[in-house]
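Please open the model in a viewer and keep the sequence panel visible. The tour below proposes a series of selections and describes what each one shows.

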Amino acid sequence: MSATTSLSAESANVEPGNSLLQVSDLEVQFHVRRGVIRAVRDINFCIGRGEVLGLVGESGSGKSVTSQAVMGLTELPGFITGGDVLWKGDYLVKDGRTTSALKKVRGKEISMVFQDPMTSLNPLFTIGDQLSEVTRRHLGMNKKQSRSRALEMLDLVGIANPKRRLEQRPSELSGGMRQRVLIAMALLCEPELLVADEPTTALDVTIQAQILELLSRLQSELGLSILLITHDLGVVAGMCDRVAVMYGGRIGEVGPADDIFASPHHPYTAGLLNSTPRLDEAQHRLVSIPGAPPDLVRPPAGCPFAARCTDSDDTCVDQLPELIDVSEGRSVACWHPIDLT
Ligand SMILES: Nc1ncnc2c1ncn2[C@@H]1O[C@H](COP(=O)(O)OP(=O)(O)OP(=O)(O)O)[C@@H](O)[C@H]1O
């Protein structure tokens with residue numbers, strides 16, 4: 001393996017000076033009756049301006065825990081127990097503690113779109129009230145300014161007849177429309193980074209495609225950076241510049257999406273690709289990965305994927321592989337990466 005250096009926040013594949021968000025050695029634990037769940041550890045990645053980074057992995061791999069920690073939204077019984085998050089050079093999280101800078105940035109420069117629009121919108125208030133609340137609180141706008149900004153944003157996200165929508169409550173809107181409202185809400189303060197956690201999971205397939213198309217359009221029109229959390233590699237293929245693949249609370253592989261699709265280095269990524277239908281291969285046979293993810297209360301000493309990996313040996317079982325740079329823009333945490341000599 002031609003590994004060179006370990007992946008530092010300075011590397012992570014984005015040109016120096018172009019990085020908006022840098023996450024280094026982030027670690028989150030949940031203290032539960034059964035013990036301490038080591039939900040994520042050794043998380044290192046960064047996002048450049050105008051870049052879309054996909055965070056993928058199966059259920060429980062730590063995607064949401066990671067994105068919540070980046071936003072300082074980890075709730076009890078969870079704790080950020082280590083690591084740093086830097087936003088344009090300022091610490092939002094330093095040595096596992098959130099800083100005062102976080103409150104100024106969250107909801108303004110970095111905003112978030114969640115999975116289920118129904119739980120993120122308040123059923124009792126009109127769409128107009130909920131959008132205005134954001135601009136009045138964060139931007140100090142008066143009623144007239146807030147209304148005009150809300151109309152502008154509803155128009156931007158493709159909602160017809162926005163004046164009427166402002167007067168309606170969430171239950172009067174379809175699922176797709178509610179997700180558009182949430183995206184509009186996230187854009188009110190002109191964020192530079194949008195964190196989107198499974199933004200289409202709760203929607204049916206046609207609407208999913210429309211929402212992804214909308215995010216892509218907004219990304220290019222507004223020059224947004226997006227951290228897109230998904231378990232769906234199809235979504236990554238359509239939208240992401242780079243992808244970080246998570247397994248068992250760690251990042252297994254990071255790199256440009258096209259390169260990872262063409263030639264995965266981590267056996268878990270390869271397994272994930274094999275179990276995903278591909279439009280370019282009509283007869284592709286889906287192979288699911290046998291076995292189950294590790295118990296994060298007692299994470300294995302070695303590679304978290306070793307028990308399910310057909311290439312694993314004693315080293316994999318005993319020693320934790322670090323995420324290391326293996327080629328221009330690509331890093332992998334594996335003792336026996338695929339297609340590397
Ligand atoms: N509130 C909580 N209490 C206890 N443990 C939690 C809590 N939230 C997350 N965890 C732990 O963290 C692990 C990672 O959860 P996370 O939600 O990040 O997974 P995910 O990759 O986003 O999966 P999904 O796609 O299902 O949301 C879980 O398997 C669980 O062990």
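Begin with the shell around the ligand: its residues divide into 7 nonpolar, 8 polar and 1 charged. The model is a predicted one. Select the 16 residues that surround the ligand; the closest are Ala 39, Ser 59, Gly 60, Ser 64 and Val 65. Next, colour β1, β2 and α1, each of which supplies at least two residues of this shell. Which of these elements gives the most to the shell? It is α1, with 3 residues.

Now select the open sheet of 5 strands. Its order is β2-β1-β4-β5-β6, and the pairing is antiparallel. At the edges stand β2 (35-48) and β6 (97-98), each of which pairs on one side only. Helix α1, residues 63-70, packs on this sheet and touches β1 (19-32), β2 and β4. The direction of α1 makes about 115° with that of β1.

Move next to strands β4 (residues 78-87) and β5 (residues 90-94), which pair in the antiparallel sense over 3 bridges. Here, select Trp 87, which stands opposite Asp 90 in β5.

Finally, view the whole chain and colour it by domain. The assignment places residues 17-109, 193-199, 224-278 and 286-340 in domain 1, while domain 2 covers 113-190. The centres of the two domains, taken over C-alpha atoms, are separated by 31 Å. Where the domains touch, domain 1 contributes 7 residues and domain 2 contributes 7 residues. Select the side of domain 1 that touches domain 2: its residues comprise 3 nonpolar, 1 polar and 3 charged.

Note on methods. Residues numbered from 1 in each chain as written. Predicted model: local features only at pLDDT ≥ 70, side-chain atom pairs only at ≥ 80, totals over all residues. Domains from an automatic or database assignment. Contact = placed C-beta atoms within 7 Å. Nonpolar A, V, L, I, M, F, W, Y, C, P; charged D, E, K, R; others polar. Pairing = 2+ DSSP bridges. Helix = DSSP H or I, 4+ residues; strand = E, 2+ residues; numbered from the N terminus. Axes fitted to C-alpha atoms, helices over the stretch in contact; angles between N-to-C directions. Near = placed C-beta within 6 Å.
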